[in-house]
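Dear colleague,

I am passing on the structure we spoke about, and I would be glad if you looked at it alongside the notes below.

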Amino acid sequence: MSLQGIFDAAERGDWMGYNPNKCGCRGRGWFLSDVDTFHPCVYHNLGAPNPEEDHSEFDWAAHRLEVYRTAYKFFLRLARTNGWKGTAHDFARCCRRFLRTTTNPTPGDWVNAAEKLTCR
Ligand SMILES: [Zn+2]
């Protein structure tokens, strides 16, 4: 693929996915293309500054948590759209069955479990 082709694919967002664990931005909100250009992620940017600019004041840990919280809620909403009738607490209980670990699951583990439950 030409450099322009790589850039165009990055601009189109071919790398994006709702689950931050699987998205090309890896939940950071910016995707670094193979031609070294940064592209904002529609799903996970949430105001994250361009890594090429000054971002020393930005709270990346809070951003990351908000990215996972937003993604988890997205899968809960999707489950409800698909007919899920339970409460958010019921949803969390069912997600537990899909957690790969039972000790100290990360926010990313919860999002993966919510995606598995919703999209199976
Ligand atoms: Zn993303």
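The notes below take up a helix pair, a nonpolar core and one loop residue.

Please bear in mind that this is a predicted model, in which local features need pLDDT of at least 70 and side-chain atom pairs count only at pLDDT 80 or more, while totals for chains, interfaces and linings use all residues. Residues are numbered from 1 along each chain as its sequence is written.

The axes (lines fitted to C-alpha atoms over the stretch in contact, with angles from 0 to 180 degrees between N-to-C directions) of helix α2, residues 60-81, and helix α4, residues 107-118, come within 9 Å and cross at roughly 15°. Helices here are DSSP runs (H or I) of at least four residues, and strands (E) of at least two, numbered from the N terminus. The two helices therefore count as roughly parallel, the term for angles under 35 degrees.

The largest nonpolar core (buried Ala, Val, Leu, Ile, Met, Phe, Trp, Tyr and Cys residues joined through C-beta atoms within 7 Å, buried meaning 20 or more other C-beta atoms within 10 Å) has 12 residues, among them Val67, Cys95 and Trp110. Of the elements, α2 gives the most to this core, with six residues.

Tyr18 lies in the loop between α1 (3-12) and β1 (30-32), and with 17 C-beta neighbours inside 10 Å it counts as partly exposed, a class between buried and exposed, the latter meaning 12 or fewer. Not counting residues up to four places away in sequence, Tyr18 touches Tyr43, Ala71 and Phe74, where contact means C-beta atoms, placed from the backbone, within 7 Å.

With best wishes

Key: Angles under 35 degrees count as roughly parallel, over 145 as roughly antiparallel, 65 to 115 as roughly perpendicular and the rest as oblique. Two residues are in contact if their C-beta atoms, placed from the backbone, lie within 7 Å.
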